[in-house]
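Take a look at the fold shown below. We will walk through some of its sheets, then stop at two residues.

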Amino acid sequence: MKKIARTAGTALIAGSMLLSPLSNAAWSAAASSNAATTAQAQTPQPFAGTKLKTFMISAKSYVQVKDIFFQYDNNSKKVFFTLLVYNGDKQAIDFTYYYPEVYAASGGKFTVQEHPDNKKSGIVEPSMTEEFIYYANINPSLDYTDLLFKIQKIDFSAPGYTRLIGQAAVTASYQNSVPSKHYYIIRKGNDKLKTYLQPGSKLAVSGDNQIRLRFEMENVGYMTYTAPNLQFYVLTKAGHMVKLTSDLANQARIQPGEKVVVTLSGAIKSSIDLNGTKLIVHAVSGGEQGIETPIALYNLVWDTGSGFITGENQKAQLKVSDVDMEAGIETLYVDRTETQNEWTVTLKWTNKGDSAVTLPKYKYELMDSRGVRYPVDVQEADIQIVPGLDKEIIGTVVTPPTVNGPFTLLVRYPKEETNPAEHVAAAFRLNAEQATGPVEGKRYRNEYGLYQIGISRVERLPWGDEDLINAYVEIENLGSTSQVIPQIKAALKLNGISVNEQDVTILKLEDKIMLGANEKTSYVVSTKVPYTYTFNELTLNLSEQTSGEAKSTIGLFRADEISPATSVSIGSKHTINAVGRRASLEFLNTFVFEGKDDDLLYAEFKYTNDENRSKTLPALKAYFKASDGSYIEAGIANVKAQVKTKGTAHLAAKAVVPKTFVSDGSVELIIGEAIENGQYAKPDGTPDRFIRAVSFKLPKNQNVVKEEFVDLAFRPYKLTVHNAFAVLTDATNVRLDVRYTLDKTAEFNVMETGRKLYVELAGNNLKYGKTVEVEPKQDDGAGFRVGTEQEVRIEIQGQNIGSLIYSGFTVNIYEEIDGYKRLLGSKRQISYQVPAP
């Protein structure tokens, strides 16, 4: 004749709902001060518990009514309560003969149902304690003080076969809510869980109060405690109820002495008064007969400070998939213009656990003092944080220039299956007045190790009617062993203005994969701008290409010193020191070759292969810079042939200049390594930019004209003319027979282009001459050959060459390049021969 119905049910509680307001008696425990500062400063005191009444069922055994809690649904209300049975006798108690009843004080009896998790046998062994939970649907308008509880026993010897053990009405003094500054130990069997609710924090965001609570659970028992599936709700004094999101992903297994802090988050309309709010904790039973059961109720006080917001130079503590995480603002940069403020914020995440975790798809927003929110653009997705490897995420956001702070960075947890409502997971105070710019260098760690990464320099070079901007990103291995070189990507800004991605070229300077310990390598990030464009700051948002389209943020870098090409003394060598490309360039001479309408500026170098293998020397590109600041593109015949190790090649840069051009010692040659399509250019390629340029300040025109034909120097040759005898063969032709010695130095192993001389007869305001090759490929005796006491016959034609010869003439010997001439020597001749009549 047991009168308890064994049924099961699940409480369906809306994310936010309005219940009937509760009486003052139910909230009397909430009258304690809301001053959270005091609450935090004092040591929490124990809460005695939620016992209503104890009834003796024998001289040594008793049953106790306790843990009376309401559970709220959209359309109904349940009362849950617990009967604690202690058997102090020597025989087992069969508690199936006992049952509770619930009445309304004004009349009316409610059907009581047994909790499906109760011990099915109902047996309480001697010296043991068992708890039995019951619940009943009641009138939603009833309060705790409207209820009466009775304990009945089935007794076949009593009238009606039942005997009243005892009854108790809930009075105004009954306290089932843990006061602030108190902890509560939840006991079940041998399990003892010490719980404490820290003062809550809240943040007004666009009509809502974002709520954050921290709920402590400490195992003070002797065995591992497996926490049930817990659900948390806040209940306002006006009856509004909101379900909170817990960062506890799985059922916690808490070791003896261990404390777990659960962060609870949610949102409630700002118009709702949060004074006198309570936290309700439900335990969800497992299995098909699962039911939410209220197990504790806590008075909630609010932190009087802005505890929700993480302050400057502080870290926020979060939990993701049960892994402890830490997040903080690493750098903040604000670029202010007349039309907008562009923020760049770096948020550093640290995994404090022992397993990798993927961050939720957080939404980031910047909120100003009015509560207006601006979306923050974060490029990365599916961000994984590995223990021991900090992860920096860079976001950019644009705000009007007139908005005021304080500013707050919001990290919003998205709405998803396990999170019915979007909420703010973290908030960081940003101080625009203390915003710092991007760094010049920083440490970066990835799965391979630790690196130092920074911008070593930025150069500006001429390129036609544009200028090249080359930023050098230096990477150093800070580890003790070899590490993989990060594959970088870059977003470039000049004075805060973004450069289109397709206009940015990234070049890896060395063809290698690994970096040895303390070894360095570099990338070049290059773009082109109009030569009239002015700027004074360059910023690079660097990331590492990890796999596929996945990227890992490295950081935001700044350079505010834009340099011209590095100056190199003409007495020293310029060294190219890239792996597999080591070479050196040594200045030799500069000359001006004369033409009819314009001249040719010319500079020559000795180019040495410093590698330990025969190599093709790096292709170069160059510009001349005149004294007036103008640039003239230089032509270079790059060396196509391989040069042996430590071998040398002749290299020349040349450009056509106007007749007014003066080589006065202030002309510079800017020369660097040629690039084509993001790679080092080949000697016969068509470069689209150049890098690592240096500037040679050229001396004045070094040409010296000799009055005797002795050691006329034109690299790598020296010419001495022993005799030049002119024979006038007819009125328009002269045969010049030249006896000479031509020496060739060994300073070059490779000459990319041949040499030519121009031999000229001048006099009587007339000039006639002929170009003669030096060491011609064809052995026809028409050119100058290396050797001693050599002879060459030069046929010179001219309409009036006869009158020139008869009047006496001068022999001029020039070096000739592209039709332009440089006078090497000049000598007056008197004797000649005419043909016999």
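How many bridges pair strand 13 with strand 14, and in which sense? Strand 13 covers residues 147-154, and 7 bridges pair it with strand 14 in the antiparallel sense. Some ground rules come before we go on. This is a predicted model, where local features need pLDDT of at least 70, side-chain atom pairs count only at pLDDT 80 or more, and totals for chains, interfaces and linings use all residues. Residues are numbered from 1 along each chain as its sequence is written, and side-chain values use heavy atoms, with hydrogens and water left out.

Now the terms. Strands (E, at least two residues) and helices (H or I, at least four) are DSSP runs, numbered from the N terminus. Two strands pair if DSSP finds at least two bridges between them.

Go back to strands 13 and 14. One of their bridges links Ile-154 to its partner Thr-162 in strand 14. Both strands belong to an open sheet of 4 strands. Its order is 9-8-13-14, and the pairing is antiparallel. Strand 9 (109-110) and strand 14 (162-169) are the edge strands, and each pairs on one side only.

Move on to another open sheet. This one has 5 strands in the order 27-28-29-35-33, again with antiparallel pairing. Its edges are strand 27 (316-320) and strand 33 (377-378), each paired on one side only. Inside the order, look at strand 28 (residues 323-336) and strand 29 (residues 341-351). They run antiparallel and are joined by 11 bridges. Gly-328, for example, has Lys-348 in strand 29 as its bridge partner.

Next, find Ser-526 in strand 46 (residues 520-530). Is Ser-526 buried or exposed? Ser-526 counts as buried because its relative accessible area is 2%. Buried means under 20%, exposed means over 50%, and partly exposed lies in between (1.4 Å probe, protein chains only). The side chains of Ser-526 and Arg-689 form a polar contact of 2.9 Å. Such a contact is a pair of N or O atoms within 3.5 Å; within protein, one must be able to donate a hydrogen and the other to accept it, and residues adjacent in sequence count only if both atoms are side-chain atoms.

Finish at Ile-801, in helix 2 (residues 801-806). Ile-801 is buried because its relative accessibility is 0%. Leaving out residues up to four places away in sequence, Ile-801 touches several others (heavy atoms within 4.5 Å). Among them are Leu-728, Asn-733, Leu-761 and Tyr-768. Asn-733 is 68 residues away along the chain, yet the two C-alpha atoms are separated by 6.8 Å.
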